[in-house]
Amino acid sequence: MHRVFKTFAAVGLLALSLAGCKFQPGWGYNQGYAPEQPLPFSHEIHVTKNQIQCQYCHNQVERSRHSNVPALSTCMNCHLQVKTDSPFIQKLREAYDKGGSIEWVRVHALPDFVHFNHSAHIAKGVNCQTCHGEVEKMAKITQVQDLSMGWCINCHRQPENKAPLNCTTCHH
Amino acid sequence: MLTRNKLVLGNKSVKDITEDICAPIEVYPSKGWLGLFTTALSILIFYVIILGAVIGKGMGLLGVNHPNAWGTMIVTFVFWIGIGHAGTLISAILFLFRQKWRTSVARTAEAMTVFAVMTAGLFPLLHTGRPWLDYWLFPYPNQRGPLWVNFRSPLLWDVFAVSTYATVSMVFWYVGMVPDFATIKDRAKNKIRRTVYGALSLGWRGTAKNWAHYEMVYLLLAGLSAPLVLSVHTIVSFDFAVSGLPGWHTTIFPPYFVAGAIFSGFAMVVTLMTLVRIGVPEFKNYITLDHMEVMNKIIMATGLMVGYAYGSEFFIAWYSGNPYERYVFFVSRAFGPYAWSYWTMITCNVLIPQVFWFKKARRSIPIMFVVSIFVNIGMWFERFVITVTSLHRDFLPANWGNYAWSFFDGAILFGSFGMFLTLFLLYLRFFPAISIAEVKPVLPVGQDHKGGH
Amino acid sequence: MSEMNHDHEHSEAELAAKKAARPQIERDNTYWLTLEHYNNDPEFLAKATTEFQSSPLRESDTGEGGWARREFLKLMGASLAMSAAGCIRRPVQKIVPYNKQPEEVTLGEANYYTSTYFDGSGGFGVLVKTREGRPVKIESNPRFPLTQGGLSARSQASLMSLYDPERLQGPKYNIFNEKKTNKDTVSVKWDSLDDKVVAQLKKGGAVVLTGNMASPATRAVVSDFAQAFKADHVSWEPFAHEEVREGQKASYGEAVVPQYRFDKAKVIVSVDADFLGTWLNPTQFQSQFAAGRRDPKKMSKLVSFDSNYSLTGANADIRVKIKPSQQLDVVMGLINALIVNKGVSSYANNEKFKESLVSYANTAQKLGVEPALFNKVAADLWENKGESLVVAGGLQTLTSRSRELQIAVNFLNSLLDNDGKTVDGKNAVPGLKASYGDMEKLIADMGAGKVKTLIIHRVNPAYALPPESGFVEALRKVEMVVYTGDRIDETGDHATYLAPDNHPLETWGDAEFAEGIFAIQQPAIRPMYDTRSFQLTLMTWAYLANVGPKRLTTYETFYDYLRNYWKEDIQPKFAKGKGFEDFWSEVLQTGSVGDVKSSSARSFKTEAFSSIKAASSTSGYELVLYPTVQIGDGTLANVSWLQELPDPVTKIVWDNYVSVSIATAEKHSLKESTIVELKVGDKKVELPVHIQPGLHDDVFAVAVGYGRTKAGQVANGVGKNMFEFVTMKNGAIFAGQSATLTKTSKKYNLACVAGNNTMEGRMIVAEATFKDYMKDEHAGVHRHKTWNIWSGHQYNGHKWGMAVDLNTCTGCSACMTACQSENNVPVVGKTYVLQGREMHWLRVDRYFVGKPEDALAVFQPVMCQHCDNAPCETVCPVLATVHSDEGLNEMVYNRCVGTRYCSNNCPYKVRRFNWFNYAKNIEKPTHMALNPDVGVRARGVMEKCSFCVHRIKEGKNKAKLEGRKLKDGEIKTACQTACPSQAITFGDLNDPESQVAKMFKNEPRSYALLEEWHAAPAVRYLSKIRNNDKETVVAEKGGH
């Protein structure tokens, strides 16, 4: 009799633990994702050390749904003079002269059925850091938040944010 | 004074009963069983392939379309759920009413219930556009906010109703079998058999304590499942009744569906019992003509109820003065493109069961077999009539359109029988098809055979 | 606005680089039964992957750079792969920024370019919406004077012809065998092609064969070229509108196609002129017509004498079914009714004149209409002298007596003082010069070997001319044929060289759709393939041969030529005393310059009238060939949007068919879509039958434009080519040929999206006659008392609503294509339409009312009604469709598991289900036409009209960024912008000042569809008013 109950219990526990990992936060999300980039671009150096504003490079973020990754021409504004001896800058320069580009690895990716609008959030005065973490301290860009729907909603729910909670706010 | 026919014929001794009932489990399967089983199994395999195709390619393989967004799968779902009802009714409700005659048929009826519900349960899950996301139908903690399910949706009630029903009826069935498993274990010659049935019998020892607990649990479960008999199909009927579609939007649906369910359920029991009597001749003494007759009476009675429901639907349609409702009943249903299905339903469900007014018919195995088959057909068409003929011509005539029949519609219906029969045949082979523990007490042992005191 | 040169030739190196190894494009056509598999041409695939995602502004497209942009845009644009994925670790994606940031491209923000659309007969100004440098939609240009916005279904579908996978990738050379019976096609370089052609041209005997040319600059190029090489220029178009010009010439001395002013006309009589559907410039005419009917109290009256059930007939207040041979009787009958019966005008005492009318005295009886009605029409015309309009024209009128018909119509218009008022011959439509007569002459010359070189541009004679014309045979006698078409089609098949022209969206141009109104055509993307604009081609040849006027040979690109032309020939007309650059940039901004001018009457040449012979009575069946609204002359037949766009009247897709009347069908015991054999003389064809209520018993009507054989995988083999039934003897005869019909035993399936032809007596389209309406403005609308047991939703911010005016809606279906283009709505193909699985979010329901034999039609666009008590919302188990706080009924595709309960519970049945994975069938490069703002739906999810919620979001966000309140009418849905008659109004119901709110509250005609069901929809329909002197509408009863 006890034997039997043991078996039942075992099966039950197994099932529970499986279910557990399915619903454990962060599962299937890219939280903490920090891939190697083709060039070791450091936001820390550019933002904290050299005091460059985010919008200097991501210049379309205020008027577009997308925050653009700067064109090579933007980098070259400085790097035609600055640090031209660095092999990485030379690589950049090379690509620029060839009329080519750099294939950065995308870190913050939302599914295609999510329509996020940067300009709206910037206009509302949301800091870049709120979603992207302390980028100015990052030598290598890392996904800090899990960017799950629950995480978005959590902010939109706060009455003081007066943010819409309609599904079509993001999904259409 | 009135004497009751014996519930068990052939002056069986207690030992005989055990022998008879355990026989099919202990002897090598008969040719008949093997034949039936292989057939059923191949149909099941075919079924699996078909379902695979539908999941792989999309619902478009079936005839469902715009405006008939529901079709064969939902129809067959309701059909099987309906079948499921007789079992619990017989075993639980009749048990509560202390109907001794139920004992020999209850087990098999319950088995039928369990398998029917299993067969049915697949459909609502597989008929969705993205079956791999069906778990969204259950409320569980998630990272979407969290995003819960819509408790206002009848479909969700359905999910709960069916899963509850499946669980309870399965437990009830299983608990009923525990003592018999023990019997089989004790009679077992080889080790495997002993361990397996031993595990199944949950270490039953047949002590007075065991019996006391058993009786209590069985009574409680009976009490628990009795209301389910009514609730499940009531809620299934809400899938239709709660919507606003003319032909669906009807208050009579709950009782009408329950009656229909019991109707079809008993028909299926009769079909199976006749088969059992043929398949396992010695069971004739336990599943007697009296049993069959009682069930036929129920079939006739419920058949009349269903007939009444059909009538009242028309009356209300006319009485309501709602043009859309009227159109559905007086134009599309009775005379529209699907009139054939409507009249098939009427013939099979209302007219044919009337033969049971005659005792001869009630007690004739061939007749009751044929009738029960007709009732099964009729009840499938009832669900088809409700689902499709209501959908295919609703409010805006520009949307009207007929169901686009495809090979897969037939294949799915056919295949589902494969699943059901395979399970049922396996049950006949490995489980005690009649409750030994319950039949013994109804033996006329120690009673005055002349009758009277 | 972009001003760069698109017409430069690609260097060989660049080409080679393009052809460098590219990833193969996977294509899966599992379900696309009507679109068979397209065989992978590696060269095409190579180009496909680089070219399309390019920005018009970017530099060269070689090497890394090409890769880069492609990848970048793949991320930014709407990609299909992930739409079904839930929470799973995603594959590594790359972000590849621009090399140099093009200053006008803001990622995720659309750019709009003013441009024009011209289909050979009519055209109008449009805006081309581009995202990340690729055109994604044709939008209407409200500043275009002739249409004030509004589009046609075809103009929007022309976008897909840009992305047609079967376009030619570059110049080709057909190597023929001796007899020119067999050929081998090879690619050539432009240079070698140019050399060969120039050498050939120098031999003389060159002819340029073009269609109608709306572009003045192009006309200049062609005439310069003709002058340069002593070449002839022949214009021909399947829809030539020759009859109108000839009629005008005979009546007024000038061969012009006049401007018509339907907005100024109180009474319009159309004799088989389908001006709302297919005749001349329907989009312009619709906006005019709507303007004359927007206020029902002052609405115009449209009387249509219809031999085919045309869209115009379907919108008529009074529709009289006739057969083609009766067209002249109608007009002469009206003249007779005025001059003889009514005794008006100076002709009334001219006995000799009256004699010429005798044979037309009993027209009413001949047509089988009560004389009272007929005379009333005449009387109405006279009472509205100068404010009435009689039109006839189009294929349906091209009988042997078409010229007489035109003269009679002109006489009647002059008699009614309409000329100069509603008919404007002074500011005619330039560029409509096409002529079958010239074509016949050309064929003769070709046959006689006089033509050494033939350059064919923008017409497809080998398809659209009947075999009896002998064009193809004659073509074989021409030494060199150069064809500028975009594919090796029926004509390209016989061409020596294929010098593919740019797509209109790739090239500069201009247009003049009415005397003195000039529009500009801007490119929205640089040429995707190695193509070259027709104009530059001609210029290059002249340059290489170094002949012709200076301007032809000096400029390196057509863009320079165009600018110069505008500087010298157009700007002076608008001497605003400003520099050319300002003028030019202003034109680029507005898209056009000039406006509708006033006109004056011309004197009618009475002698022309005497050329009209006495009435002849015919008997037996007559054939009517007509163009359909969706396919037209078949040029865009390879665009699946159009093939799946239901015919406005018959609601049939993917086919042409013989329409017969109910009586005729009974007579020959024909069922819908039985196959019959149609015979005219010795020509015969097998077609399915469609039984058309309200058709004349003696008429067989069949659409042209189908039966393409070399148009591409979509169009090939769809329907039969009825141009083969045209008779060519001094002019073309499309109508009135006597025909016979024999039943065959074969069955066929016509895919019709209309479930039922009648409303079954339900109040779905509320309709009232003009008289009723004047008595009671609520006429025809039955109101219900409804009440809620719950308080209902609270809308504190916006509450979106839409109003549709059924009185101005003509059913033209431009909205359907707009919706399809805006919302990435898939095409499913005929097989699945037959199974009731078409995907249109917005459908136009058509019902017939009245006696079947002369049924009248009503139209009703039905989109999601965004109900306040939405039945779909309560039944969805997973909350995939919910209510927004702005009154929208939201459909969340990625949450949907596909139980389809919502569709069952929707009384309007506006929801569409993805039965299969249609996204998989989006073939590159057509995926470039997808709207990135709208998700592409996965298999197994429900979808429906969203009130263009992405546009609402965009509008709101724009206002927010600019820190202002949203203006009414700022947000427009796709269907709304496309509607030529502005029948759709959208806006905020919470703003009491908004137009739509007023319509909801104050407009007596407005009603909610299925009000009694009380879903409380956010859409109101405005009842239809029929201006037909009747007391009550023909009851909806009957018509089964």
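These are my notebook entries on a predicted model, taken chain by chain and then residue by residue.

**Entry: chain A**

I began with the secondary structure of chain A and counted 8 helices and 1 strand. Reading along the sequence, I wrote the order down as α-α-α-α-α-β-α-α-α. Next I looked up burial: of the 172 residues in chain A, 37% are buried. The accessible surface of chain A is about 10000 Å², and carbon and sulfur atoms hold 63% of that area. I then turned to contacts between residues at least 6 apart in the sequence of chain A; 63% of them join residues at least 24 apart.

**Entry: chain C**

I went through the same list for chain C. Chain C has 32 helices and 43 strands. Its radius of gyration is 28 Å, close to the 31 Å that the globule rule gives for 1040 residues, so chain C is as compact as a globular protein of that length. I also noted the box that holds the C-alpha atoms of chain C, which is roughly 85 × 80 × 70 Å along the principal axes.

For burial in chain C, I found 69% of the 1040 residues buried. The accessible surface comes to about 33300 Å², with 52% of it on carbon and sulfur atoms. Among contacts in chain C between residues at least 6 apart in sequence, 75% link residues at least 24 apart.

I looked up the charges as well. Chain C carries 125 positive and 122 negative charges, and the mean positions of the two sets lie 2 Å apart.

**Entry: salt bridges**

Side chains of opposite charge can pair when their charged atoms come close. I searched the whole structure for such pairs and got 71 salt bridges over all chains. I wrote down three pairs and one network.

The first pair is in chain B. B:Lys185 and B:Asp186 meet through their side chains, with 4.0 Å from N to O. Are the two partners buried or exposed? B:Lys185 has a relative accessible area of 22%, above the 20% limit for buried, so B:Lys185 counts as partly exposed. B:Asp186 reaches 58%, which is over 50%, so B:Asp186 counts as exposed.

The second pair is in chain C. The closest N and O atoms of C:Arg167 and C:Glu506 are 3.0 Å apart, and the two form a salt bridge. This pair joins distant parts of the chain, its members being 339 residues apart. C:Arg167 is in the loop between helix 4 (153-162) and strand 5 (172-176), while C:Glu506 is in the loop between strand 17 (497-498) and strand 18 (509-514). I checked burial here too, and both C:Arg167 and C:Glu506 are buried.

The third pair is C:Lys203 with C:Glu479, a salt bridge with 3.4 Å from N to O. Here 276 residues separate the partners along the chain. C:Lys203 follows helix 5 (190-202) in the loop that leads to strand 7 (206-210), and C:Glu479 sits in the loop between helix 17 (471-476) and strand 16 (480-483). C:Lys203 is exposed at 51% relative accessible area, whereas C:Glu479 is partly exposed at 40%.

Last, I noted a network of salt bridges that links A:Arg65 with C:Glu109, C:Arg131, C:Glu132, C:Arg134, C:Asp933 and C:Glu954.

**Entry: three single residues**

I looked up C:Met439 and found it in helix 15 (residues 436-447) of chain C. C:Met439 is buried, with 0% relative accessibility. Which residues touch C:Met439, leaving aside neighbours within four places in sequence? I listed C:Leu209, C:Val234, C:Trp236, C:Pro461, C:Leu465 and C:Phe471. I also recorded that C:Gly731, 292 residues away along the chain, has its C-alpha atom 9.2 Å from that of C:Met439.

Next was C:Gln326, in the loop between strand 12 (318-321) and helix 10 (327-341) of chain C. Its relative accessible area is 5%, under the 20% limit, so C:Gln326 is buried. Apart from neighbours within four places in sequence, C:Gln326 is in contact with C:Lys366, C:Leu367 and C:His696. C:Ser617 is 291 residues from C:Gln326 in sequence, yet their C-alpha atoms are 8.3 Å apart in space.

I finished with B:Asn399, in the loop between helix 14 (365-391) and helix 15 (407-430) of chain B. B:Asn399 is buried, with a relative accessible area of 4%. Setting aside neighbours within four places, I found B:Asn399 in contact with B:His66, B:Pro67 and B:Asp394 in chain B, and with C:Arg843, C:Tyr908 and C:Lys909 in chain C.

Notes
Residues are numbered from 1 along each chain as its sequence is written. Chains are lettered from A and ligands numbered from 1 in the order in which they are written. Side-chain values use heavy atoms; hydrogens and water are left out. Helices (H or I, at least four residues) and strands (E, at least two) are DSSP runs, numbered from the N terminus. Buried means under 20% relative accessible area, exposed over 50%, partly exposed in between (1.4 Å probe, protein chains only). Contact means heavy atoms within 4.5 Å. Accessible areas come from the Shrake-Rupley method with a 1.4 Å probe; for residues, only the protein chains shown count as cover. The radius of gyration is taken over C-alpha atoms; the globule rule is 2.2 Å times the number of residues to the power 0.38. Lys and Arg count as positive and Asp and Glu as negative; His and the chain ends are not counted. The place of a charge is taken as NZ of Lys, CZ of Arg, CG of Asp or CD of Glu.
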